[in-house]
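Visitor: I am new to this structure and would like a close look at a single part of it, taken slowly. Please begin with one residue and its surroundings, and then follow the connections outward from there.

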Amino acid sequence: MRIGLIGDSLTEGRPGVSFFHLLQKQYPHMTFVNLGKPGESVKSLHSRLTKKNLENFDLAFLWIGVNDVYSKLLSVQAQPVAKDHEEFKDYYQKVLECVLSSSKRIITVTPAIVGENINNVSNKEIKQLNTLITTITNKHANATTLNLHSVFEQHLSSIKSSDYISTKVLTVMKDVLFYKKPSRIDQLSKKRGLHLTLDGIHMNSKGAQIVADEYAAIIDKHQCIEKDALK
């Protein structure tokens, strides 16, 4: 099976612990293509996809949108972001259509969290974007949504996390350069009072495993469907 992973730094796996590598270890017989790019927004992803022809995938995961919220907290924006939710909706539809043209089955993955305080302002906007993503996805027969925000919300609902979110670009760069081993990433996460992320956005070992487990459940289900179709 050929699986495409399309998204931003969370998909690429830097900073933080990579769920991509966990999937590669779990499914050594499958081909995973990592198309994650740091700082990617829904607008910049659309621009990237229109400039290159996507490979054909049996299954594709589209995980984009967190930077359209997170970048509002940063002093410098790496990529252009949607000016409002209507523009986000328009660009997300275009991105989805690009991926649909080359993939048999698509899973749209909602942004997870911006900060481990699930009641903060950013996470309230994440919920609004997730509703838009689900509505857009439901219009397509061969696309379904994985609501990662709900998954993380359940894990964090009974945990007391700090309000820490990395908002300085230099801090994010230091995390990329100096924290590569999962053990060091987890130590820094703990020091910041976090449970599932390195910095409120990117995954530590626990967070990466949660994402990998959710993706794996879908991959397993897709395998069963394909086997049944061949009978």
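Guide: In this predicted model, Asn 120 touches Val 114, Gly 115 and Ile 165, leaving aside residues up to four places away in sequence. Asn 120 sits in the loop between strand 4 and helix 6, and its relative accessible area is 15%, so the residue counts as buried, the limit being under 20%. The side chain of Asn 120 also reaches the backbone nitrogen of Ser 122, at a distance of 3.2 Å.

From this loop we can move on into helix 6, where a charged pair is found. The side chains of Lys 127 and Glu 153 meet in a salt bridge, with 2.9 Å from N to O. Because Lys 127 belongs to helix 6 (residues 121-137) and Glu 153 to helix 7 (residues 148-156), this pair ties together parts that lie 26 residues apart in sequence. Neither partner is buried by the limit of under 20%, because Lys 127 has a relative accessibility of 39% and Glu 153 has a relative accessible area of 22%; both values fall in the partly exposed range.

Helix 6 and strand 4, the two elements on either side of the loop that holds Asn 120, are also among the elements that cover the buried residues of helix 5, a list that further includes strand 1, helix 3, strand 3 and helix 4. The buried residues in question are Glu 87, Phe 88, Tyr 92, Gln 93, Val 95, Leu 96, Val 99 and Leu 100. At the start of helix 5, a side-chain oxygen of Asp 84 comes to within 3.2 Å of the backbone nitrogen of Glu 86. As for the length of helix 5, its 16 residues should span 22 Å at 1.5 Å a residue, and this agrees with the 22 Å between its end C-alpha atoms.

Among those buried residues, Glu 87 carries a charge partner. Lys 43 forms a salt bridge with Glu 87, the closest N and O atoms being 3.6 Å apart. This pair joins distant parts of the chain, since Lys 43 lies in helix 3 and Glu 87 in helix 5 (residues 85-100), 44 residues apart. Glu 87 counts as buried because its relative accessibility is 16%, which is under 20%.

Strand 1, another of the elements covering the buried residues of helix 5, takes part in a salt bridge of its own. Arg 2 pairs with Glu 55, and their closest N and O atoms are 2.2 Å apart. Here too distant parts of the chain are linked, with Arg 2 in strand 1 (residues 2-7) and Glu 55 in the loop between helix 3 (42-51) and strand 3 (59-63), 53 residues apart. Arg 2 is partly exposed at a relative accessible area of 29%, and Glu 55 is partly exposed as well, at 35%. In the whole model the count of salt bridges comes to eight.

One last step leads to the nonpolar interior. In soluble globular proteins, nonpolar side chains tend to be buried together. The largest nonpolar core here has 68 residues, among which Phe 61, Trp 63 and Tyr 215 touch the most other members. Helix 10 (residues 205-230) gives this core its largest share, eight residues. Tyr 215 touches Phe 61 and Trp 63 themselves, and its contacts also include Leu 5, Phe 19, Leu 23, Val 109 and Leu 146, again without residues up to four places away in sequence.

Methods:
Residues are numbered from 1 along each chain as its sequence is written. This is a predicted model: local features need pLDDT of at least 70, side-chain atom pairs count only at pLDDT 80 or more; totals for chains, interfaces and linings use all residues. Side-chain values use heavy atoms; hydrogens and water are left out. A salt bridge is a side-chain nitrogen of Lys or Arg within 4 Å of a carboxyl oxygen of Asp or Glu. Helices (H or I, at least four residues) and strands (E, at least two) are DSSP runs, numbered from the N terminus. Buried means under 20% relative accessible area, exposed over 50%, partly exposed in between (1.4 Å probe, protein chains only). The expected span of a helix is 1.5 Å times one less than its number of residues. Contact means heavy atoms within 4.5 Å. A polar contact is a pair of N or O atoms within 3.5 Å; within protein, one must be able to donate a hydrogen and the other to accept it, and residues adjacent in sequence count only if both atoms are side-chain atoms. A nonpolar core is a set of buried Ala, Val, Leu, Ile, Met, Phe, Trp, Tyr and Cys residues joined through side-chain atoms within 4.5 Å.
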